[in-house]
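Student: Please pick one part of this model and take me through it closely, then show me what lies around it. I would like the terms explained as we go.

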Amino acid sequence: MYSFSIIVPIKNEEKVIGRLLDALLRLRYPKDKMEIIIVEDGSTDGSLNISMKYVEKSSGLIKVLHKPTSNGKPSALNYGIKHARGEIIAVFDADNVPEPDILINVCKYFKDPKVAAVQGRTLSINQDENMLTKLISYEEAVSYEAYLRGKDVLELFVHLKGSCQFIRRDILKQIGGFREVLSEDMELSARLTEKGYCIKYAPDVRSWQETPSNVRQLFKQRTRWFRGTVEVAVKYGRLMIKPSRKNIDAETTLSGPFILIASILTYFAGLYTSTANSNFNAFFYFLMQLSVVGTSVMLIVCGLALAYISKPRKLTNLLWLPFIYIYWSLQSFIALYAVLLILLRRPQRWIKTEKTGVIKTENCLFL
């Protein structure tokens with residue numbers, strides 16, 4: 001059996017850290033083969049005190065590293081890795097609740113020596129809180145079970161997603177740990193791919209985590225994601241020097257924010273051409289109208305699908321139709337905003353997503 005070092009960076013997580021530590025102590029795995037490292041990253045609330053109470057009752061299983069200067073999650077992870085002894089580094093965010101068999105399940109993926117890292121599946125622990133959390137939970141389900149699973153089957157670019165992720169410690173140290181950037185998971189995924197390592201997706205390695213429940217939380221989270229991804233896309237454009245199926249797919253994946261921006265710009269350009277009196281080139285006019293029709297049909301289909309699968313089925317479920325349109329527009333705007341921050345050379349700031357500790361789901365049976 002592999003030995004695991006579970007690293008959890010925390011900053012002002014008093015609402016959720018106890019829940020995570022309870023879940024980690026419940027893991028069905030030999031305790032002499034695991035250690036839990038809490039990297040306390042300059043909290044101003046009760047996170048450190050709560051963590052120390054768990055240290056006292058964990059019989060040495062949990063240790064807390066106090067990092068008084070906060071430089072963001074990647075820095076905290078690197079700080080924890082310096083003190084890790086396990087063969088596999090497991091990373092969880094403070095709002096996670098991993099399922100009891102998670103370490104047992106992930107072990108089989110590392111039996112293949114070519115596998116450097118494994119990305120587990122995360123599920124929303126508050127999916128029933130409101131329409132936004134419900135939509136994001138559906139979005140994440142598609143992202144994992146269709147997108148990542150399909151990439152894994154086709155041996156394309158499987159990327160890490162920041163939590164419920166597992167990396168061989170020797171390889172992580174060999175390539176220099178985490179880069180202190182806004183999207184450290186994407187950057188590490190691109191670096192591993194560039195060096196020829198394999199990342200696997202593991203659908204049976206599951207952890208529950210909190211979904212942003214309001215637009216403010218979502219805006220901050222996605223701004224950091226999109227800006228970080230764009231910066232990684234630019235940096236690793238060199239992957240195309242040695243084109244392969246995996247490298248091409250990696251660069252396509254990293255171009256996601258640009259695709260979002262292009263989709264909304266062409267959509268509004270199409271709306272403009274349909275109302276303006278100016279004479280446009282016929283082919284350009286056709287393309288713009290096609291973008292409007294295609295995007296509208298796609299959004300309507302997504303909205304109807306969500307209305308159909310939402311239980312109980314009722315007429316008010318049709319509210320998904322305008323909500324889907326608003327959500328797509330918001331995502332595209334955030335992507336555009338993130339790119340503008342780069343072009344205007346605004347300083348990078350690693351802003352954490354605030355957690356509330358809300359549990360709103362009927363599917364997490366072991367809580």
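Tutor: Two strands pair if DSSP finds at least two bridges between them; strands (E, at least two residues) and helices (H or I, at least four) are DSSP runs, numbered from the N terminus. This is a predicted model, in which local features need pLDDT of at least 70 and side-chain atom pairs count only at pLDDT 80 or more, while totals for chains, interfaces and linings use all residues. Residues are numbered from 1 along each chain as its sequence is written, and side-chain values use heavy atoms, with hydrogens and water left out.

Let's take strand E7 as our part. E7 covers residues 165-168 and sits in an open sheet of eight strands with mixed pairing, ordered E3-E2-E1-E4-E7-E6-E8-E5. The edges of that sheet are strand E3 (62-66) and strand E5 (97-98), each of which pairs on one side only.

E7 has E4 and E6 as its neighbours in the order. Strand E4 (residues 88-91) runs antiparallel to E7, and four bridges join the two. Strand E6 (residues 115-124) also pairs with E7 in the antiparallel sense, here over three bridges. Phenylalanine 166 is a good residue to click on: in E7, it is the bridge partner of alanine 90, and it is the bridge partner of valine 118 too.

Which residues of E7 are buried on each side? Gln165 and Ile167 are buried on one side, and Phe166 and Arg168 are buried on the other, so both faces of the strand are covered. Buried means under 20% relative accessible area, exposed means over 50%, and partly exposed lies in between (1.4 Å probe, protein chains only).

Now step back along the chain to the loop between H5 and E7, where cysteine 164 is found. Cysteine 164 is not a glycine, yet its phi is positive, at about 55°. With a relative accessible area of 0%, cysteine 164 is buried. Glutamate 155 belongs to that loop between H5 and E7 as well, and its phi, near 60°, is another positive value in a residue other than glycine. Glutamate 155, however, is exposed, with a relative accessible area of 57%.

The loop leads us back to helix H5 (residues 131-153), whose axis comes within 12 Å of that of H12 and crosses it at roughly 70°. That makes H5 roughly perpendicular to H12. Axes here are lines fitted to C-alpha atoms, for helices over the stretch in contact, with angles from 0 to 180 degrees between N-to-C directions; under 35 degrees is roughly parallel, over 145 roughly antiparallel, 65 to 115 roughly perpendicular, and the rest oblique. On the H5 side, Met131, Leu132, Lys134, Leu135, Ile136, Tyr138 and Glu139 meet Trp320, Phe323, Ile324, Tyr327 and Gln331 of H12, contact being heavy atoms within 4.5 Å. By class these residues are nine nonpolar, one polar and two charged. Nonpolar covers Ala, Val, Leu, Ile, Met, Phe, Trp, Tyr, Cys and Pro, charged covers Asp, Glu, Lys and Arg, and the others, Gly among them, are polar.

H12 (residues 320-343) also packs with helix H8 (residues 215-235), at an angle of about 50° and with the axes 8 Å apart. H8 and H12 are therefore oblique to each other. Their contact includes Phe219, Arg222 and Phe226 of H8 and Tyr327, Gln331 and Ile334 of H12. It divides into 15 nonpolar, two polar and three charged residues.

Finally, back to the sheet and its edge strand E5. E5 is joined to strand E8 (residues 198-209) by two bridges in the antiparallel sense, with valine 97 standing opposite tryptophan 208 of E8. Helix H1 packs on the sheet, touching strand E1 (4-10), strand E2 (34-40), E3 and E5, and its direction makes about 170° with that of E2. Seven of the nine residues of H1 are buried, among them Ile17, Leu20 and Leu24. Those buried residues pack against E1, E2, H2, E3 and E5. H1 (residues 17-25) and helix H2 (residues 47-57) have axes 10 Å apart and pack at about 20°, and they are therefore roughly parallel to each other.
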